[in-house]
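Here's a quick briefing to read with the model open in your viewer. Start with the picture, then work through the notes by topic.

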Amino acid sequence: MSADQNNKILAIGFAAFAGIFFFTFMLLLVVSAGVFVALGITFANETGNSQQAGIGILGGVFAIVFYVVLGLIFVLPPAIASWKLFKRRKKARLWGTIAAILVVPFLPLGTFLGIYGLWFFFSAEGKQFYSNLLVGAPYTRI
């Protein structure tokens with residue numbers, strides 16, 4: 001397989017993982033925030049003290065902040081790597097390495113994609129592919 005094909009496969013794989021992570025974190029964010037707010041309202045109704053609803057709202061805010069931080073950690077690097085790999089930018093190798101390390105723990109597809117990415121980025125073929133690219137300019141075939 002050529003370096004161009006390896007680059008394209010990795011770009012598609014990282015885009016898929018970024019999408020899966022994004023939708024998973026959004027679903028968990030909505031459900032967790034909803035559960036906390038519902039528990040706070042229920043607790044306030046049972047005790048008769050309307051100030052108890054604030055605990056649920058505080059829990060909902062904490063859930064939102066928690067999943068936004070996880071999203072920044074696990075969604076942005078694969079998304080940026082995918083974009084830079086598609087556009088064939090010089091920094092794609094750096095972002096691809098970061099994304100590959102992040103997806104390795106997710107068995108079995110993440111492990112395969114991560115190892116495949118690390119193999120390609122550190123192989124002689126991958127190093128040569130990214131060293132021939134112009135900084136900030138898209139790769140064009142002649």
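**The N-terminal end and its surroundings**

At 64% relative accessibility, Met1 is exposed, because the cut-off for that label is over 50%. Keep in mind that this is a predicted model. Met1 sits in the segment before α1, and the notes below go from there to the helix packing, the core and a few backbone details.

**Met1**

- Leaving out residues up to four places away in sequence, Met1 touches Asn6, Ile9, Tyr116 and Glu125.
- If you want a sense of scale, try Met1 and Thr42: they are 41 residues apart along the chain, and their C-alpha atoms are separated by 59 Å.

**Asn6**

- Asn6 belongs to helix α1.
- Is Asn6 buried or exposed? Asn6 has a relative accessible area of 2%, so it counts as buried.
- The side chain of Asn6 makes a polar contact of 2.4 Å with the side chain of Tyr116.
- Not counting neighbours within four places in sequence, Asn6 is in contact with Met1, Tyr116, Trp119, Phe120 and Glu125.

**Glu125**

- You'll find Glu125 in helix α6.
- With a relative accessibility of 31%, Glu125 is partly exposed, because that value falls between the 20% and 50% cut-offs.
- Which residues does Glu125 touch, not counting those up to four places away in sequence? They are Met1, Ser2, Ala3 and Asn6.
- Ala3 and Glu125 are 122 residues apart in sequence, yet 6.5 Å apart in space, C-alpha to C-alpha.
- A polar atom of the Glu125 side chain lies 3.0 Å from the backbone nitrogen of Ala3.

**How α1 meets α5**

- The axes of α1 and α5 are 10 Å apart, and the two helices pack at an angle of about 145°.
- The crossing of α1 past α5 is left-handed.
- On the α1 side, the contact is made by Ala3, Asn6, Asn7, Ile9, Leu10, Gly13, Phe14 and Phe17.
- On the α5 side, the contact is made by Leu109, Gly110, Leu113, Tyr116, Gly117, Trp119, Phe120 and Phe121.
- Sorted by class, this contact of α1 with α5 has 11 nonpolar residues, 5 polar ones and no charged ones.
- Gly117, in helix α5, is buried, because its relative accessibility is 0%.
- The C-alpha atoms of Gly117 and Ile98 are separated by 9.8 Å, with their positions 19 residues apart along the chain counted as the sequence separation.

**The nonpolar core**

- How many residues does the largest nonpolar core have? It has 23 residues, and those with the most contacts inside it are Leu10, Phe14, Leu85, Phe120, Phe121 and Tyr130.
- At least two residues of this core come from each of α1 (3-47), α2 (53-74), α3 (76-87), α4 (92-103), α5 (109-122) and α6 (124-131).
- The largest share of the core comes from α1, with 8 residues.
- Phe120 touches Ala3, Asn6, Asn7, Leu10, Gly126, Phe129 and Tyr130, again not counting residues up to four places away in sequence.

**Loops and backbone details**

- Ser123 is in the loop between α5 and α6, and at a relative accessible area of 12% Ser123 is buried, because the cut-off is under 20%.
- The Ser123 side chain reaches the backbone nitrogen of Gly126 at 3.1 Å.
- Most residues other than glycine have a negative phi, and most peptide bonds are trans, so exceptions to either pattern are worth a look.
- Arg88 is not a glycine, but it has a positive phi of about 55°.
- Arg88 lies in the loop between α3 and α4.
- The peptide bond joining Leu107 and Pro108 is cis, with omega about -15°.
- Pro108 is in the loop between α4 and α5.

Key. Residues numbered from 1 in each chain as written. Predicted model: local features only at pLDDT ≥ 70, side-chain atom pairs only at ≥ 80, totals over all residues. Heavy atoms only, no water. Core = buried A, V, L, I, M, F, W, Y, C linked by side-chain atoms within 4.5 Å. Buried < 20%, exposed > 50% of the residue type's maximum accessible area, 1.4 Å probe, protein only. Helix = DSSP H or I, 4+ residues; strand = E, 2+ residues; numbered from the N terminus. Contact = heavy atoms within 4.5 Å. Polar contact = N/O pair within 3.5 Å; in protein donor to acceptor, adjacent residues only side chain to side chain. Axes fitted to C-alpha atoms, helices over the stretch in contact; angles between N-to-C directions. Left-handed = near helix turned anticlockwise from the far one by under 90°. Nonpolar A, V, L, I, M, F, W, Y, C, P; charged D, E, K, R; others polar.
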